[in-house]
Amino acid sequence: MKKIIIVTVCLISGYSLAAPLGHSPFEEGKAVEKIPLSRLQADGERLSPDTEVFSGDLNRDGRQDLCVYTWLMGCGMNAGLCEITFFLSSVSGRARQTVLTMSPDEDDFVILNGRPCMVQASFHQVEQCNDGKPHSFYVYNLLEFGLGGLRLNNELDPAFPKIVWISHSPNSMETGLLSMQQKRDLYELSCKELPQ
């Protein structure tokens with residue numbers, strides 16, 4: 001008689017071992033100023049299992065902005081997929097924008113060259129790289145906060161856009177596994193739904 005064991009994995013926190021924990025677009029040791037964010041619910045408490053709310057002066061106008069994380073609760077790499085809705089102060093009240101990113105945390109909200117930004121990460125697969133094998137990558141872009149909302153602005157740091165090979169070890173190096181054309185294609189794909 002054969003025994004069948006059924007294992008059910010329930011993702012509650014939105015985090016996964018497959019998420020880009022330990023991966024960073026910044027070179028190891030680079031000091032980056034962070035934008036302070038405050039959680040609007042007690043630690044461990046959420047509005048629902050997939051929602052978190054934070055506040056902070058994201059666009060640096062002296063008024064508090066809101067960001068609502070909605071974890072999309074996918075499988076595998078998509079366990080870290082998160083939709084962030086920003087409610088940013090503006091001249092006419094509040095501007096609302098939504099951005100899709102991978103495993104956001106407080107390290108993604110930074111000030112570069114005096115400008116407030118969010119590091120947005122997207123996950124992509126390439127079927128045949130320079131070594132003849134398929135690999136997965138994070139594409140990192142910079143989104144700048146302003147009074148009108150968010151906009152793509154990779155010019156704020158020479159390291160962006162950055163494409164990092166997803167490996168078993170922490171990695172912040174620009175990949176050498178892709179041709180320049182493959183990098184351009186991934187970058188264009190990563191920008192399709194970003195605020196311009």
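These are my notebook entries on a predicted model of one protein chain.

**Entry 1: overall make-up.** I began with the secondary structure. The chain holds one helix and eleven strands. I then read the elements in sequence order and wrote down β-β-β-β-β-β-β-β-β-β-β-α, so I looked for the helix after the strands.

**Entry 2: burial and contacts.** I looked up the burial of the 196 residues and found that 46% of them count as buried. For the accessible surface of the chain I noted about 11000 Å². Carbon and sulfur atoms account for 55% of that surface. I also took the contacts between residues at least 6 apart in sequence; 51% of these join residues at least 24 apart.

**Entry 3: the open sheet.** I traced a sheet of five strands, which is open and runs in the order β2-β3-β4-β5-β6 with antiparallel pairing. Which strands stand at its edges? I found β2 (38-39) and β6 there, each with a single partner strand, so each has one side without a neighbour in the sheet.

**Entry 4: β5 and β6.** I went on to the pair at the β6 end of that order. β5 covers residues 81-90 and β6 covers residues 93-102. I counted ten bridges between the two strands, in the antiparallel sense. The connection from β5 to β6 is a hairpin through two residues. I wrote down two of the bridge partners: S89 is matched with R94 in β6, and E83 is matched with L100 in β6. As a general reminder to myself, side chains in a regular strand alternate between the two faces of the sheet.

**Entry 5: the second largest pocket.** L100 came up again when I listed the residues of this pocket. Its volume is about 280 Å³, and 16 residues line it. Which residues lie nearest its centre? I noted L100, Q120, S122, S190 and E193. The elements that give two or more residues to the lining are β6, β8 (115-126) and α1 (180-191). Of these, β8 supplies the largest share, with five residues.

**Entry 6: cysteines.** I searched the whole structure for disulfides and found zero. A disulfide, for the record, is a covalent bond between the sulfur atoms of two cysteines. I then checked the accessibility of two cysteines. Is C117 buried or exposed? C117 has 0% relative accessibility, so I entered it as buried. C191 has 11% relative accessibility; because the cut-off for buried is under 20%, I entered C191 as buried too.

Definitions and conventions. Residues numbered from 1 in each chain as written. Predicted model: local features only at pLDDT ≥ 70, side-chain atom pairs only at ≥ 80, totals over all residues. Heavy atoms only, no water. Pairing = 2+ DSSP bridges. Helix = DSSP H or I, 4+ residues; strand = E, 2+ residues; numbered from the N terminus. Buried < 20%, exposed > 50% of the residue type's maximum accessible area, 1.4 Å probe, protein only. Contact = heavy atoms within 4.5 Å. Areas by Shrake-Rupley, 256 points an atom, 1.4 Å probe, with all protein chains shown as cover. Disulfide = S-S within 2.5 Å. 1 Å grid on protein atoms, 1.4 Å probe; cavity = no way out; pocket = protein on both sides within 12 Å on 5 of 7 lines; lining within 4 Å. Points joined across faces, edges and corners; volume = space filled by probe spheres on them.
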